[in-house]
Amino acid sequence: MRLGPIAAQYIGRLPAGKRELAASEINRFVRHVGPDRPVTQITKLEVERYQQYLADTAGDAATRVESLKTFLSDLKSKKFTETNLGAGLRVRRRGGAGQARKEEAKVVELTREGLDQLQSELQHLETVVAPAVRDDLAAAYQDRDFRENAPYDEAKRRMGEVQGQIDRLKGQIKAARVVERETSNVRAGLGSKVVLRDLQYDEELDYTLVGPGEVDTRNRRISIQSPVGSALKDRNVGDTVEVDIPSGKARYRIERIERAS
């Protein structure tokens with residue numbers, strides 16, 4: 001069974017208010033792994049490495065991981081896979097409104113294109129996603145027996161997640177500082193394509209460092225504020241960096257730095 005069709009069927013079974021946000025992250029994973037990839041060929045190591053991408057400034061990391069983790073668990077329950085591929089994913093909970101204020105105080109460096117994308121994402125959440133969840137919440141509220149009203153509880157949870165994403169985006173936009181892309185081929189910065197050597201597996205891989213609104217995991221564009229991006233920022237060719245990952249630490253050596261196309 002191929003990953004793409006299975007994911008599409010799973011997303012189609014989700015409630016409308018939950019489907020929008022879950023589909024975004026699940027489809028991101030599908031594009032990254034490949035829609036025609038047989039699910040039996042996907043490994044836990046691939047999933048753990050994918051989680052490195054999910055720290056896109058961490059504001060909605062818990063939601064992203066949770067959606068993907070639930071989908072991968074469903075693959076096991078439907079017997080599409082022999083093991084639960086999502087077992088290694090770690091959901092890191094955020095600190096609510098206080099944490100949002102703390103993140104807002106940080107300067108967020110990004111390009112003009114990245115800022116435009118953040119503003120577009122915010123508009124979509126406020127005008128499309130949030131109204132759909134509120135409709136689900138209103139419909140569930142009609143059942144006044146809240147003791148056993150699972151749809152109401154789920155809609156409340158989803159509304160909290162959506163509002164958290166909206167607050168995060170507003171904080172990032174308020175704290176945004178538009179900067180030019182890095183042009184050096186010696187030092188890594190915003191816009192740099194960094195070619196690395198994984199010192200544990202002796203594999204070469206590359207990442208392009210971008211602002212939070214320009215992340216594209218399919219094309220290996222990661223946030224400069226993610227764990228990998230933060231470790232690479234302002235480092236030079238030949239440097240060795242360590243990055244915390246779910247299974248421990250990863251060590252990379254910077255082989256070369258290129259200007260992203």
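**Figure 1. Strand 4 and strand 5, a parallel pair.** In this predicted model, strand 4 and strand 5 run parallel to each other and are joined over three bridges. Zoom in on one spot in the pairing and you'll find Val-210 standing opposite Ser-223 of strand 5. The loop that connects strand 4 (203-210) to strand 5 (221-223) is home to Thr-217. Is Thr-217 buried or exposed? With a relative accessibility of just 2%, Thr-217 counts as buried. For a long-range reference point, try Arg-31: its C-alpha sits 8.2 Å from that of Thr-217, although 186 residues separate the two along the chain.

**Figure 2. The hairpin of strand 3 and strand 4.** Here the pairing is antiparallel, with six bridges between strand 3 and strand 4. Leu-196 has Leu-205 of strand 4 as its bridge partner. Between the two strands of the hairpin there are four residues, and Asp-202 takes a positive phi near 50°. If you want a part of the model where the predictor is confident, strand 3 (residues 192-198) has the highest mean pLDDT, at 92.

**Figure 3. A salt-bridge network that includes Asp-202.** Asp-202 turns up again here, linked with Lys-193, Arg-197, Glu-204, Arg-256 and Glu-258 in a network of salt bridges. One of the pairs is Glu-204 with Arg-256, whose closest N and O atoms are 3.9 Å apart. That pair ties together distant parts of the chain, with Glu-204 in strand 4 and Arg-256 in strand 7 (residues 248-259), 52 residues apart. Both ends are partly exposed: Glu-204 has a relative accessibility of 44%, and Arg-256 has 37%.

**Figure 4. The Arg-253 and Glu-255 pair.** How far apart are N and O in the salt bridge of Arg-253 and Glu-255? The separation is 2.9 Å. Neither side chain is hidden away: Arg-253 is partly exposed at 31% relative accessible area, and Glu-255 is partly exposed at 28%.

**Figure 5. A salt bridge between helix 6 and helix 7.** Arg-168 and Glu-121 form a salt bridge, with 3.9 Å between the closest N and O atoms. Arg-168 belongs to helix 7 (residues 150-174) and Glu-121 to helix 6 (residues 112-141), so the pair links parts of the chain 47 residues apart. The two partners differ in how covered they are: Arg-168 counts as buried at 7% relative accessibility, whereas Glu-121 is partly exposed at 28%. Across the whole structure, a search turns up 16 salt bridges.

**Figure 6. The largest nonpolar core.** This core has 23 residues, and Leu-3, Ile-26, Phe-29, Val-47, Leu-68, Phe-71 and Leu-72 are the ones with the most contacts inside it. Helix 1 (3-13), helix 2 (16-33), helix 3 (44-51) and helix 4 (61-77) each contribute at least two residues. Which helix gives the largest share? Helix 2 does, with six residues. Val-47 is a handy place to center the view: leaving out residues up to four places away in sequence, Val-47 touches Phe-29, Ile-42, Leu-72, Leu-85 and Leu-89. A separate core of 18 residues lies apart from this one, and among its members are Val-194, Val-241, Val-243 and Ala-250.

**Figure 7. Stretches to treat with care.** The average pLDDT is 80 for the protein, and 82% of the residues score at least 70. Helix 5 (residues 96-104) is where confidence is lowest, at a mean of 46. Residues 56-60 have pLDDT below 50, and this stretch makes 16 contacts in the model beyond near neighbours in sequence. Residues 93-105 are also below 50, with twelve such contacts. Where pLDDT is low, the predicted coordinates shouldn't be read in detail.

**Figure 8. Zooming back out.** The protein has eight helices and seven strands. Of its 261 residues, 43% are buried. Looking at contacts between residues at least 6 apart in sequence, 63% join residues at least 24 apart. The protein exposes about 13,500 Å², and carbon and sulfur atoms supply 46% of that area.

Methods:
Residues are numbered from 1 along each chain as its sequence is written. Side-chain values use heavy atoms; hydrogens and water are left out. pLDDT is the predictor's confidence in each residue, from 0 to 100. Contact means heavy atoms within 4.5 Å. Buried means under 20% relative accessible area, exposed over 50%, partly exposed in between (1.4 Å probe, protein chains only). A nonpolar core is a set of buried Ala, Val, Leu, Ile, Met, Phe, Trp, Tyr and Cys residues joined through side-chain atoms within 4.5 Å. Accessible areas come from the Shrake-Rupley method with a 1.4 Å probe; for residues, only the protein chains shown count as cover. A salt bridge is a side-chain nitrogen of Lys or Arg within 4 Å of a carboxyl oxygen of Asp or Glu. Two strands pair if DSSP finds at least two bridges between them.
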